[in-house]
Each structure stands twice: as C-alpha cells, then as structure tokens.
Amino acid sequence: MKTLKVLGIETSCDETAISLIEVDEATRTVKILGNTVHSQIDLHASYGGVFPTLAKREHQRNLVPVLEKTLAAANTLRKSAGGDASPASDISPAIESILAREPELLEAFKAALPTMARPDIDLIAVTVGPGLEPALWVGINFARALGALWNVPIVPCNHMEGHVLTALVDENFKLLDADIAYPALSLLISGGHTQIVLIGDGGTGIGTYKIVGETLDDAVGECFDKTARTLGLAYPGGPKISKLAAQARAEGITSPEPLPRPMIESHGLDFSFSGLKTAVLYLTKRLAEKGVPLDERTIKGICREIEDSITDVLIAKMRAAIEKYAVATLVIGGGVISNTHIREALAKLADDCSLRLLLPRTDHSTDNGFMIALAGYFNKDKAVDASTTLKADGTLAIGPRV
Ligand code: KG4
Ligand code: ZN
C-alpha cells in the first residue's frame, strides 16, 4: 500500500484541463493537489458550438500554461532527482517527433519545460476518446512528450469512464467503488453522449460496463445547446436554459405550447432528442407567424418546457432501467448533471425506488482533469511506456452495447 500521484490530462472537447491527484491506497482517499480547467467557451460561442480545428489550436496554446499552473499549485517535486529542472538537452529528438504535428505546442514545450522542476508523479493519464479527434491528439501527444521527458508511464483513458468515476468520490474524497453493490446503473449525460450503462454486471465492479440504452440521434447536452441557439441564447445553452427555466418556475411562467417527450414510452431504454430540437424550431416559427414576439417571458416559458421535457424523458427511461435491472445504486455523470432540476428529479426517483444516488459535485460535472486522473488511477494496470504509440479514438465506447 502506498500513495500514487496521477497527472490527468483532458482535451477531448473545448476544455483544456489538467489535474494532479494523490491517491492514498491504504485509506482509499484522494487529494486534489492541483486542478486547472481552461475553458474555450468564449471562443467557440461565435460558432454556436465547438469548432474542432480551433479547439486543437487552443489546446496547443493552453496545455503548457495549464500544466504550469497545476504543478505550481501542487508544489510537488521529485525527491530522487532533488526536484531538478529537466535540462534543455533532455528535449530529445524522440520528443520532437512525438510533437511533430503540434508545432506550436512543441515550441511552448521547448521554451517552458526545461525551466520547470520535475514533479513527483507516478502516472500520466490522458483521454484517448471519445471526443473530437484533432483535440484528443493534442492531449495524447503532450502526455507522451511529458512521459518521455520525465520517464513516467502513460495510462490511456476513456472520457466517459472519467465521468462515471467523479460520482464515486464522497464529500471527504473517499473512493466509494468498494462500498457499492454491483451491478449499479449509470446515467451519462453530456454534450456528446446520452447513455444508460450497467456497471459491474455479474458482480464484477468498476471497469466492466455494458451500454443498455443510448440516444439514437442527438445527445441531451447537444439538445440543450441547439434548442438554446434557436431561442437566441449563446453556446453552451445548457446552463442558460437551466437558469431561465428556474426563473420561469419561480415566476409562474409556462410555455405558450407544450413540447413533445420523444420516445418516452417506446424504443426501450433508447433516447431521441432531435425531435425536441425540431419541435422548438417549429414552435418559434409558429409564434413568429402569429406575431407573438419571442420576448424574455416567452423564452423563459419555453426554456422551462424544454427542461421539463428532457427531465421527464430521462426519468422515465431510468425508471424503466431500474425495473429491468436489479440494482441498488445509481451513478450519474456528464456535464448535464450540473443541472439542478435534473439532479432534483433523480434524487426523487432514487428516493421513490429506495436506491442510493451518487452524483458528482457540480464543479466536477463538466469536463475536467480530475476525472481523467481518477480514470488513470483505476486503470493503472494498463499503463504503457511513453514510447508506445497511442491513438485518438473519437468514437471509443465505454463498453459493448447489449
Ligand atoms: O461533459 P461535458 O462538459 O462535455 C462533454 O463531454 O460533452 O458536457 C457539456 C454539456 C454541454 O452540452 C452543456 O450545455 C451541458 O453539458 N450543461 C448543461 C448544464 N451545464 C452544462 N446542461 C443543462 N444544464 C446545465 N446546468
Ligand atoms: Zn464530458
């Protein structure tokens, strides 16, 4: 039993995020030593969504400063080498070749890394998928370059597993994976995914995942973002819809028309959100034809109805999944679980069904490096040498669809 320090690197979408954690294997508690998230949201907002080549360029610019900030906060230097800086000569041809496709990052790496003290870390975890491939590659190559420079192994990680694991840390940062009964049921709701996942079927545990339901078209976060755009709200729309919906409830405002609850009673545990997106578009067109202005009050009412529709569908599908699988615990993850209304609805569902509900802290719900550092810890047996070629996989699945 010892402590393990894991550096987690996340660049799958529009957050450049790095976290350094320390896991005490005896007490199974996690300490966050440093945690930096650099969001590119403002840059992508003008495109109404994430623009992959822009994300790639921004990750190249942000990774070194984000690393510097995280390590400065962690203040943890390698004892064996006296915390010495890596001499500039250590930027070997091997490292130059790892970063050959990221010239801007290579320049920043060469300028900064020789001036930085070597951190005391055991593993580097990096997201290899799912996500935007150009963005994933930057993080992977950066992780390999650091691994080569510091002689630290790399753990390739699945972004969605990272989201699962953020819910398995209690308020004292104790790991809960050994405290829950398996199988457990997970709902993963993000900008790219909407999945119901059975964890640890057959009595295994973390690491065994089966997708038992998923969206057939848009993800739930995507639906929030696209309907928000139709209403003239900036990217990312999820938090904005959520805020306006809460105001509508407080002020007793309702939507001028109801919206559908797509596939709420059909297609088993699968979801569809593109119909809701279209319904919002048609609703705004009908209102325009009738001369009804899309004013603040109307927008608030529609936001409330969008959030209610999404929540109703998520809860109905989770209720059906609970009936189908004998589980005692719900484990929720993904950026959309920052949503207060959905959190409350899941709490009520868990209460009704006498299940334990594990939610991530709201500040660990959207993408971050902590989730990837955790995934690195849980997958430490899969660590490879930095010289091993790793591939970005934009559609990497957390497990088989059953
Ligand atoms: O997990 P995440 O940070 O990135 C992906 O892996 O996709 O999720 C981002 C998504 C975005 O679609 C964003 O609009 C949504 O999470 N989101 C929310 C809220 N906060 C973030 N959706 C609804 N309500 C929120 N409060
Ligand atoms: Zn995510």
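**The ligand 1 site and its surroundings**

Ligand 1 occupies the largest pocket, a pocket being an open set of points on a 1 Å grid over the protein atoms alone, with protein on both sides within 12 Å along at least five of seven lines. This is a predicted model, in which local features need pLDDT of at least 70 and side-chain atom pairs count only at pLDDT 80 or more, while totals for chains, interfaces and linings use all residues. Residues are numbered from 1 along each chain as its sequence is written, ligands are numbered from 1 in the order in which they are written, and side-chain values use heavy atoms, without hydrogens and water.

The elements giving two or more residues to the shell around the ligand are helices H6 (159-166), H7 (220-230) and H8 (237-251), helices being DSSP runs (H or I) of at least four residues. In total, 19 residues surround ligand 1 (a heavy atom within 4 Å), the closest being His163, Gly191, Asp225, Gly335 and Asp367. By class, four are nonpolar, 13 polar, with Gly counted among the polar ones, and two charged (Asp, Glu, Lys or Arg).

Polar contacts are pairs of N or O atoms within 3.5 Å. Oxygen atoms of ligand 1 lie 3.1 Å from a side-chain N or O atom of His159 and 3.0 Å from one of His163.

Two cis peptide bonds deserve attention: Tyr182 to Pro183, with omega near 0°, and Tyr235 to Pro236, with omega near -10°. Pro236 is placed in the loop between H7 and H8. Most peptide bonds are trans.

Definitions and conventions. Polar contact = N/O pair within 3.5 Å; in protein donor to acceptor, adjacent residues only side chain to side chain. 1 Å grid on protein atoms, 1.4 Å probe; cavity = no way out; pocket = protein on both sides within 12 Å on 5 of 7 lines; lining within 4 Å. Sits in = over half its atoms within 2 Å of the grid points.
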